[in-house]
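Colleague: I have a new model open on my screen and would love a guided tour of it. Could you walk me through the metal sites, the ligand and a few odd spots?

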Amino acid sequence: LRVGNRKTRAVYDPLMFEQWEEEMHSEMNLGKGLDMDEFRLFYQPQVESLTHKVTGVEALIRWQHPEKGLLFPAAFINIAETTGLIIQIGEWVVSQACQQLKSWEQMGMGALTISVNISPRHFLHADFPTFLDECMRNYEVDPKKLIIEITENVAIVDSDLVETQIKKVQEMGFPISIDDFGTGYSAFLYLQRFSIQEVKVDRQFVANLETDPKSRAIVRAILTLAKSLHMHTVAEGVETEGQLKRLEELGCFEIQGYYFSRPLPIEELNSQLLASPGF
Ligand code: C2E
Ligand code: CA
Ligand code: CA
Ligand code: CA
């Protein structure tokens, strides 16, 4: 920051100070929230194109805050990233997901997969592969059932440590999925360096599928690329029948979005799955 520019002066703005105070405060509460077991996973179904059978879910974190109510990731993930608490959160998410996979297996729904969101920063953490390995053994889950979603990030692709770690995790059998594909900086580098199992077509491209020929061309290109690299594809943020039809015509493998279901608490998801296995 250069002295005298607007940003530097803004530090003395009482409103900014209040915001800063609020952030510091929530940082402390975030740790407490973890200790007090206030986090929950909601699960959004992913369905197979054409058959519309549920094949798995994406786990999305929520914070059941004692005063503020149910908080969405937008309210706390950035703070978790900057304070480093994202590592603890990631470990909590993975163990919850493994526990859930185990419980589905006992309920006769062992074919379902869970996709978890893991911060690219977590791959800089040397213990991550070991942690995954222990979790998998503890809960006796098949690593193929736990799909690891990462977003594209230049710094991460450039790091040798991260490259080794991603490969280790893949060798252990966990599939890697590139989240928000096409919106980051290094999508092609990821595809070149690693054998990626899945890409997720970002909501921004899906949203304009019906009206915008450019979005359609982009989605078609992503799906063609995925096919030639033998990658699985999931479209996210699918809200309308029109979007669904287009994606099916273009050959997308799986669909996720409000059109089929919002993210649900586990009890609700289970009762839906038990009532009609295909949803
Ligand atoms: P994401 O991974 O791209 O997750 C998809 C987001 O889109 C979710 O928001 C989901 O609720 C929302 N969504 C699903 N279907 C639709 C739809 O049809 N239309 C629209 N408009 N939105 C839809 P959510 O749960 O608020 O999560 C936001 C972001 O927070 C996620 O984006 C992900 O990047 C991050 N996140 C969520 N859970 C975790 C977590 O456990 N760990 C980490 N590190 N990040 C997480
Ligand atoms: Ca799947
Ligand atoms: Ca995701
Ligand atoms: Ca996404």
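Modeller: Gladly! One definition to begin with: donors are N, O and S atoms within 3.2 Å of the metal when that metal is Ca, and water is not among the atoms, so sites may look incomplete. Please also keep in mind that this is a predicted model.

Colleague: Thanks, that helps. What spacing along the chain do the donors of the calcium ion (ligand 4) follow?

Modeller: The protein donors here are Asp179 (OD), Asp180 (OD), Glu236 (OE) and Glu236 (OE). They lie 2.2 to 2.6 Å from the calcium ion (ligand 4). Along the chain the spacing of these donors is D-D-x55-E.

Colleague: How many residues apart are Asp179 and Glu236, and where does each sit?

Modeller: Asp179 belongs to strand 6 (residues 176-181). Glu236 is found in the loop between strand 8 (232-235) and helix 11 (241-249). The pair links distant parts of the chain, with a separation of 57 residues.

Colleague: Are Asp179 and Glu236 buried or exposed?

Modeller: The cut-off for buried is under 20% relative accessible area. Asp179 has 8% relative accessibility, so it falls on that side of the cut-off. Glu236 has 9%, and therefore it also counts as buried.

Colleague: Which residue coordinates both the calcium ion (ligand 3) and the calcium ion (ligand 4)?

Modeller: For the calcium ion (ligand 3), the protein donors are Glu58 (OE), Asn117 (OD1), Glu149 (OE) and Asp179 (OD), at 2.1 to 2.3 Å. Their spacing in sequence is E-x58-N-x31-E-x29-D. The two ions are 4.0 Å apart, and the residue that coordinates both is Asp179.

Colleague: Why does the pair Asn117 and Glu149 tie together separate parts of the sequence?

Modeller: Asn117 lies in strand 4 (residues 113-117), whereas Glu149 lies in strand 5 (residues 146-151). Because of these positions, the pair ties together parts that are 32 residues apart in sequence.

Colleague: And what is the relative accessibility of Asn117, and that of Glu149?

Modeller: Asn117 counts as partly exposed, at 30% relative accessibility. Glu149 is buried, and its relative accessible area is 1%.

Colleague: Which residue supplies the protein donors of the calcium ion (ligand 2)?

Modeller: The protein donors of this ion are two OE entries, lying 2.4 to 2.9 Å from the metal. The residue concerned is in strand 9 (residues 254-256). It is Glu254.

Colleague: Let's turn to ligand 1. How much of its area does the protein bury?

Modeller: Let me start with the polar atoms: a nitrogen atom of ligand 1 is 2.5 Å from an N or O atom in the side chain of Glu239, and a nitrogen atom is 3.0 Å from one in the side chain of Gln44. An oxygen atom of ligand 1 is 3.1 Å from an N or O atom in the side chain of Asn117. Ligand 1 taken alone exposes 800 Å², and the share buried by the protein is 81%.

Colleague: Where does ligand 1 sit, and which residues come nearest?

Modeller: Ligand 1 sits in the largest pocket. There are 21 residues around ligand 1. Those that come nearest are Gln44, Arg62, Arg203, Glu239 and Tyr258.

Colleague: Which element gives the most to the shell around ligand 1?

Modeller: Strand 2 (54-65), helix 4 (86-106) and strand 6 each supply at least two residues of that shell. The one that gives the most, with 4 residues, is strand 2.

Colleague: Now the backbone. What is the phi of Leu50, and what is that of His230?

Modeller: Most residues other than glycine have a negative phi. Leu50, in the loop between strand 1 (39-48) and strand 2, is exposed, with a relative accessible area of 67%. His230, in the loop between helix 10 (213-228) and strand 8, counts as exposed at 74%. Both have positive values: Leu50 has a phi of about 65 degrees, and His230 has one near 55 degrees.

Colleague: One last item: what separates the C-alpha atoms of Val169 and Phe123?

Modeller: Val169 lies in helix 7 (residues 160-171) and is buried, with a relative accessible area of 0%. Phe123 is 46 residues away along the chain. The separation of their C-alpha atoms is 9.6 Å.

How values were computed:
Residues are numbered from 1 along each chain as its sequence is written. Chains are lettered from A and ligands numbered from 1 in the order in which they are written. This is a predicted model: local features need pLDDT of at least 70, side-chain atom pairs count only at pLDDT 80 or more; totals for chains, interfaces and linings use all residues. Side-chain values use heavy atoms; hydrogens and water are left out. Donors are N, O and S atoms within 2.8 Å of the metal (3.2 Å for Na, K and Ca); water is not among the atoms, so sites may look incomplete. Buried means under 20% relative accessible area, exposed over 50%, partly exposed in between (1.4 Å probe, protein chains only). A residue is near a molecule or strand if one of its heavy atoms lies within 4 Å of it. A polar contact is a pair of N or O atoms within 3.5 Å; within protein, one must be able to donate a hydrogen and the other to accept it, and residues adjacent in sequence count only if both atoms are side-chain atoms. Accessible areas come from the Shrake-Rupley method with a 1.4 Å probe; for residues, only the protein chains shown count as cover. On a 1 Å grid over the protein atoms alone, a cavity is a set of points where a 1.4 Å probe fits but cannot get out, and a pocket is an open set with protein on both sides within 12 Å along at least five of seven lines; lining residues have an atom within 4 Å of a point. A molecule sits in a cavity or pocket if more than half of its atoms lie within 2 Å of its grid points.
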